[in-house]
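Work through the exercises below with the model open. Try each task before reading its solution.

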Amino acid sequence: MIHPSYQELIEAINAGQEMDEEPLVTSRYSIVLATSKRARQLIAGAQPMVRSRGRKALSVAVEEIYKGKVKILPQEETEEEE
């Protein structure tokens, strides 16, 4: 069993949202994209924001997102930055 589950990750990411706002993450696909992007950043040399000794980059990325150390931006904001 994977911990945290997809549902727990979705709830953790959307926890700060207002009731009338659209959720940041609504599917497993969004979770996969966010965690894989963060894992690639870690592999490229970014500093982990949680204890990572001996763990794979993807596991560290999942924990960072679950604990709120890494924020997922809405699609419109990421397009504007590029």
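**Exercise 1.** Leaving aside neighbours within four places in sequence, which residues is Pro 4 in contact with?

*Solution.* The model is a predicted one. Start with location: Pro 4 sits in the segment before helix 1. Next, list the partners. Beyond four places in sequence, Pro 4 contacts Leu 9, Val 62 and Tyr 66. Then take one pair, Pro 4 and Val 62. They are 58 residues apart along the chain, yet their C-alpha atoms are separated by 8.1 Å. Finally, classify the residue. The relative accessible area of Pro 4 is 7%. Buried means under 20%, so Pro 4 counts as buried.

**Exercise 2.** Find the residues of the largest nonpolar core, and state which helices supply at least two of them.

*Solution.* The core has nine residues: Leu 9, Ile 10, Ile 13, Val 25, Ile 31, Ala 34, Val 62, Ile 65 and Val 70. Now assign helices. Helix 1 (6-14), helix 2 (28-43) and helix 3 (57-66) each give at least two residues to this core. Helix 1 provides the largest share, three residues. Then check for a further core. Another one, of five residues, lies apart from it; Ala 39, Val 50, Val 60 and Ala 61 are among its members.

**Exercise 3.** Describe the surroundings of Ile 31, not counting residues up to four places away in sequence.

*Solution.* Ile 31 belongs to the largest nonpolar core. With those sequence neighbours set aside, Ile 31 touches Tyr 6, Leu 9, Ile 10, Ile 13 and Val 25. Of these, Leu 9, Ile 10, Ile 13 and Val 25 are listed in that core too. The backbone must also be inspected. The backbone oxygen of Ile 31 lies 2.9 Å from a polar side-chain atom of Thr 35.

**Exercise 4.** Is Thr 35 buried or exposed?

*Solution.* Locate the residue: Thr 35 is in helix 2. Read its relative accessible area, 7%. The limit for buried is under 20%, so Thr 35 is buried. Now name its contacts. Leaving aside neighbours within four places in sequence, they are Leu 58, Ala 61, Val 62 and Ile 65.

**Exercise 5.** Summarise the whole protein: its secondary structure, buried share and accessible surface.

*Solution.* Count the elements: four helices and zero strands. Along the sequence, the pattern reads α-α-α-α. Of the 82 residues, 24% are buried. Turn to contacts between residues at least 6 apart in sequence: 31% join residues at least 24 apart. The accessible surface is about 6400 Å², with 50% belonging to carbon and sulfur atoms.

Technical notes. Residues are numbered from 1 along each chain as its sequence is written. This is a predicted model: local features need pLDDT of at least 70, side-chain atom pairs count only at pLDDT 80 or more; totals for chains, interfaces and linings use all residues. Side-chain values use heavy atoms; hydrogens and water are left out. A nonpolar core is a set of buried Ala, Val, Leu, Ile, Met, Phe, Trp, Tyr and Cys residues joined through side-chain atoms within 4.5 Å. Buried means under 20% relative accessible area, exposed over 50%, partly exposed in between (1.4 Å probe, protein chains only). Contact means heavy atoms within 4.5 Å. A polar contact is a pair of N or O atoms within 3.5 Å; within protein, one must be able to donate a hydrogen and the other to accept it, and residues adjacent in sequence count only if both atoms are side-chain atoms. Accessible areas come from the Shrake-Rupley method with a 1.4 Å probe; for residues, only the protein chains shown count as cover.
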